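Please follow the chain below from one pair of helices outward to single residues, keeping the three-dimensional view at hand while reading.

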Amino acid sequence: MWRIIRGRGGHDLLVTRLIDVQRTAASSMTEDPVIHLSGRAGSLFFGVIERLLRTNASLVLERQICEQIESIYSTDLEFGQASVSSAALVTPKQDDMLLFFGAELPEEHLKSQPHYPEGMQLIHVTHAHEQQVRFEWATGQVVVHDMIPHRNDQVSTPKLFTSWLESFQEGEEITPEESGDRWWVSEIDVADALVRLLLSSHPFPSECKMSGRRSWSTVQTLEEFQLLYKRTSAGRSGAFGIEELTAAPAPVIEVQPLIVTDAPPMSIEESMAQRPDLSPVHEALHKADGDGWRPLVPIRTSLMHCLAGMLDGD
């Protein structure tokens, strides 16, 4: 099931697939899980919080973020099963989980786990283009490739998009590179997968990568991004032309296999060079709820929300 969350002024902020809370809780943990969220509070950080608020989880956040979430999602918290608490008021327990975002790690935390009890699970989430560093005591490592964020984010917003938007606004022509395929995936699908793994009764995978299954060329991505920019600009000015009102055909994108094999259409070498191996996350999600890694959000929809976030951030 899909849901549209409307922000102030009636703007659509998010389209997301809801987790069936009762089914998830029944098939995973018997008690309400306690999940501490820390690290860089970027777009994915808040995307995961939005997903967790539709479960039975107890979230532990830094005080300022906790107050922000309580204000924005007061209705969800009042009528839902999730709860949020300030980290200053909660003592971590061995059965709790810590979800840490970003590559900016305190040096003293890399080899030991200060303030956290022995045996507490740590799941470390980073973007592939960040400098990869590791907690030595991490129980799970997630590397996200080519994610399209919903909020303007200096780390997760692709620099390609920022450059294109600046060129559009300056009226400059763009000559895209023919090489450099990307495996775009929506932030919603990434956040959804993380929550499904967190709530699973099975152990969180020690290492996994997340990306889309379809390869997008730079030219294809630019065409979609430019189309959405023109439509957005026309909508703001009210000056619609035939080009903006004509339905654009979806680009021809081929789905590639999840598991790396020597069989066509991709060899092992080609797959390693072009697309991360998605078999570990697929297998883990299949164990969690039988659904596997199946991103649902169309890339055009993801680009639309990303562009809206970038324009609102100007």
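In this predicted model, a good place to begin is the pairing of helix H2 with helix H6 (residues 187-198), whose axes come within 9 Å and cross at roughly 55°. Because angles between 35 and 65 degrees fall outside the parallel and perpendicular classes, H2 and H6 are oblique to each other, and the sense in which H2 passes H6 is right-handed. The meeting surface draws on Ser43, Leu44, Gly47, Val48, Arg51 and Leu52 from H2, which are in contact with Glu187, Val190, Ala191, Asp192, Leu194 and Val195 from H6.

Helix H2 (residues 43-52) also packs against a second partner, helix H3 (residues 63-72), and here the two axes come within 12 Å, with a crossing angle of roughly 50°. That angle makes H2 oblique to H3, and the crossing of H2 over H3 is again described as right-handed. On this side the residues contributed by H2 are Phe45, Phe46 and Ile49, and they meet Ile65, Gln68 and Ile69 of H3.

These helices belong to a chain with 11 helices and 11 strands. Of its 314 residues, 48% count as buried, and among the contacts between residues at least 6 apart in sequence, 70% join residues at least 24 apart.

Helix H11, which covers residues 299-312, offers a view of one element along its length: its 14 residues reach 20 Å from the first C-alpha to the last, close to the 20 Å expected at 1.5 Å a residue. The buried residues of H11 are Ile299, Ser302, Leu303, His305, Cys306, Leu307, Gly309, Met310 and Leu311.

Which residues does Met310 touch, once those up to four places away in sequence are not counted? This residue of helix H11 touches Asn152, Thr157, Phe161, Thr162, Leu165 and Phe225. One of these partners, Phe161, is 149 residues from Met310 along the chain, yet their C-alpha atoms are separated by 9.0 Å. Met310 has a relative accessible area of 3%, and because this lies under 20% the residue is classed as buried.

Ser167, for its part, has its place in helix H5 (residues 159-170). With a relative accessibility of 12%, Ser167 also counts as buried, and, leaving aside neighbours within four places in sequence, its contacts are with Glu172 and Ile174.

Is Glu104 buried or exposed? Glu104 lies in the loop between strand S6 (97-101) and strand S7 (121-127), and since its relative accessible area of 67% is over 50%, Glu104 is exposed. Along the chain Glu104 and Val133 are 29 residues apart, while the separation of their C-alpha atoms is 8.3 Å.

The cysteines complete the walk through the model. A disulfide is a covalent bond between the sulfur atoms of two cysteines, and a search of the whole structure finds zero disulfides. Two cysteines can be placed by their accessibility: Cys66 is buried, with a relative accessible area of 4%, and Cys208, at 4% relative accessibility, counts as buried too. A further cysteine, Cys306, is among the buried residues of H11.

Key
Residues are numbered from 1 along each chain as its sequence is written. This is a predicted model: local features need pLDDT of at least 70, side-chain atom pairs count only at pLDDT 80 or more; totals for chains, interfaces and linings use all residues. Side-chain values use heavy atoms; hydrogens and water are left out. Helices (H or I, at least four residues) and strands (E, at least two) are DSSP runs, numbered from the N terminus. The expected span of a helix is 1.5 Å times one less than its number of residues. Buried means under 20% relative accessible area, exposed over 50%, partly exposed in between (1.4 Å probe, protein chains only). A disulfide is a pair of cysteine sulfur atoms within 2.5 Å. Axes are lines fitted to C-alpha atoms, for helices over the stretch in contact, and angles run from 0 to 180 degrees between N-to-C directions. Angles under 35 degrees count as roughly parallel, over 145 as roughly antiparallel, 65 to 115 as roughly perpendicular and the rest as oblique. A crossing is left-handed if the near helix is turned anticlockwise from the far one by less than a right angle, and right-handed if clockwise. Contact means heavy atoms within 4.5 Å.
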